[in-house]
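Visitor: I am new to this structure and would like a close look at a single part, the nonpolar core. Please take me there with care, and tell me how far the model can be trusted along the way.

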Amino acid sequence: MFNTDSIEGISKLGEMLPPDMQYWHKFGLISDLKYNVEKDDLDGSVSNISMILKSSENPNYCIHILFSNVCGKISFDLKRGFVAGCLAIDDYSGFGYERNHRYKIYSTEQDLDFEFYCERISVTPG
């Protein structure tokens with residue numbers, strides 16, 4: 001199953017997807033990625049990443065993910081397309097990290113240099 005219950009909307013998403021589709025690596029195609037900066041009264045500004053992930057096994061399934069207060073890097077080779085491979089999300093809240101480093105998001109594929117941290121994650125069916 002999805003590996004953390006602390007993601008906003010993950011329980012509802014789990015109810016909507018069949019059990020065999022409740023794994024991050026099942027959603028290996030990034031069909032949309034957006035980066036924006038919002039004004040925040042406390043910190044001045046907050047960077048966010050929004051993406052839509054599609055299933056490579058079943059294109060009828062997709063997930064919209066919003067990563068809030070991000071830092072890190074994303075780079076990829078435009079000639080080979082924009083894919084994520086195996087998305088992984090680790091929750092470091094038990095390790096005492098700063099609030100914007102609660103989650104580590106990364107790809108295990110070598111064609112995409114994808115590793116960043118964020119404070120909050122929310123998911124909805126795409």
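Guide: The predictor's confidence in each residue is called pLDDT and runs from 0 to 100. For the protein its mean is 82, and 85% of the residues reach 70 or more. This is a predicted model, in which local features need pLDDT of at least 70 and side-chain atom pairs count only at pLDDT 80 or more, while totals for chains, interfaces and linings use all residues. Residues are numbered from 1 along each chain as its sequence is written, and side-chain values use heavy atoms, with hydrogens and water left out.

The setting of the core comes next. The protein has one helix and eight strands, these being DSSP runs numbered from the N terminus (helices are H or I, at least four residues; strands are E, at least two). Read from the N terminus, the order is α-β-β-β-β-β-β-β-β. Among these elements, strand E3 (residues 62-68) has the highest mean pLDDT, 94, and strand E4 (residues 71-76) the lowest, 82. Of the 126 residues, 37% are buried, which means under 20% relative accessible area with a 1.4 Å probe, protein chains only (exposed is over 50%, partly exposed in between).

A nonpolar core is a set of buried Ala, Val, Leu, Ile, Met, Phe, Trp, Tyr and Cys residues joined through side-chain atoms within 4.5 Å. The largest one here has 25 residues, and Trp 24, Ile 65, Phe 67, Ile 105 and Ile 121 have the most contacts inside it. At least two core residues each come from helix H1 (10-16), strand E2 (44-54), E3, strand E5 (87-91), strand E6 (103-107), strand E7 (112-118) and strand E8 (120-125).

Phe 67 offers a way in, with contact meaning heavy atoms within 4.5 Å. Beyond its neighbours within four places in sequence, Phe 67 is in contact with ten residues' worth of surroundings that include Asn 48, Ile 89, Ile 105, Cys 118 and Ile 121. Two of these partners deserve a further look. Asn 48, in strand E2, is buried at a relative accessible area of 4%, and a polar atom of the Asn 48 side chain lies 3.2 Å from the backbone nitrogen of Asn 69. Cys 118 is buried too, with a relative accessible area of 0%. The structure holds zero disulfides (pairs of cysteine sulfur atoms within 2.5 Å), and the cysteine sulfur nearest to Cys 118, that of Cys 71, is 8.7 Å away.

Note on methods:
A polar contact is a pair of N or O atoms within 3.5 Å; within protein, one must be able to donate a hydrogen and the other to accept it, and residues adjacent in sequence count only if both atoms are side-chain atoms.
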